[in-house]
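Thanks, everyone. I will take a few minutes on charged side chains and how much of them is accessible. Here is the structure.

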Amino acid sequence: MAEKWDLYDIDRVKTGEIMERGKAIPPDRYHLVVHVCIFGSDGRMLIQQRQPFKEGWSNLWDVTVGGSAVSGDTSRTAAEREVMEEIGLPISLDGERPRFTINFDNGFDDIWCVRRDVEISELTLQYEEVQAVKWAAKDEILTMIDSGEFIPYHKSLIDLLFIFSEQIGAFDNHCRENK
């Protein structure tokens with residue numbers, strides 16, 4: 001059965017329209033995507049390597065999980081579902097909010113950054129999506145981008161993910177303390 005997506009207007013209001021994944025998104029319509037970045041208490045991010053047969057960025061490393069919201073999902077339920085589907089980790093994001101949203105041509109990408117200490121040996125990787133996971137420091141991820149092993153995100157995005165893993169908001173925490 002084909003995956004169905006809710007469509008939104010430019011103000012991120014659901015239009016009541018539903019489309020099938022793989023079809024062209026109509027003009028002036030958008031869909032919701034989520035990414036969840038899990039950081040351990042040591043500050044490293046849990047990253048995943050995509051399967052070699054996965055369409056789009058095959059065999060490359062990526063942030064913890066990501067995917068499209070399906071019809072009926074909120075950003076939170078989509079994020080929780082993606083974490084469970086891709087790495088087998090039940091997670092509750094109650095009391096959490098996405099750290100930021102990146103707008104792209106056809107949608108909105110909510111980025112969730114959460115702190116959880118996760119034992120890799122306890123994860124169940126979704127065969128269709130993920131071949132491996134590991135913990136990585138920011139410098140390691142930036143080196144992997146340079147070497148072509150990681151999806152070629154803007155390095156400034158990786159910097160933001162690590163910054164927002166520790167705080168919410170656009171102000172440096174030190175600025176707040178010295179106010």
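Start with Asp110, which has a relative accessible area of 2% and is therefore buried. Keep in mind that this is a predicted model. What does the side chain of Asp110 meet in a salt bridge? The partner is Arg12, with an N to O distance of 2.5 Å. Asp110 belongs to strand 8, residues 107-115, while Arg12 lies in the loop between strand 1 (4-8) and strand 2 (14-20). The two are 98 residues apart, so to speak of the chain, this pair links distant parts of it. Arg12 has 31% relative accessibility, so this residue counts as partly exposed.

Next pair. Lys138 makes a salt bridge with Asp159, and the closest N and O atoms are 3.3 Å apart. This pair also links distant parts of the chain: Lys138 is in helix 2, residues 138-147, and Asp159 is in helix 3, residues 155-164, with their positions 21 residues apart. Are these two buried or exposed? Neither: Lys138 is partly exposed at 30%, and Asp159 is partly exposed at 28%.

Then there is Asp42 with Arg44, a salt bridge whose closest N and O atoms are 2.7 Å apart. Asp42 has a relative accessibility of 48%, which makes it partly exposed. Arg44, at 33%, is partly exposed as well.

Some salt bridges join up. Asp73, Arg81, Glu82 and Glu85 form a linked network of them.

How many salt bridges are there by this rule? The count is 16. That is what I have on the charged pairs.

Methods:
Residues are numbered from 1 along each chain as its sequence is written. This is a predicted model: local features need pLDDT of at least 70, side-chain atom pairs count only at pLDDT 80 or more; totals for chains, interfaces and linings use all residues. Side-chain values use heavy atoms; hydrogens and water are left out. A salt bridge is a side-chain nitrogen of Lys or Arg within 4 Å of a carboxyl oxygen of Asp or Glu. Helices (H or I, at least four residues) and strands (E, at least two) are DSSP runs, numbered from the N terminus. Buried means under 20% relative accessible area, exposed over 50%, partly exposed in between (1.4 Å probe, protein chains only).
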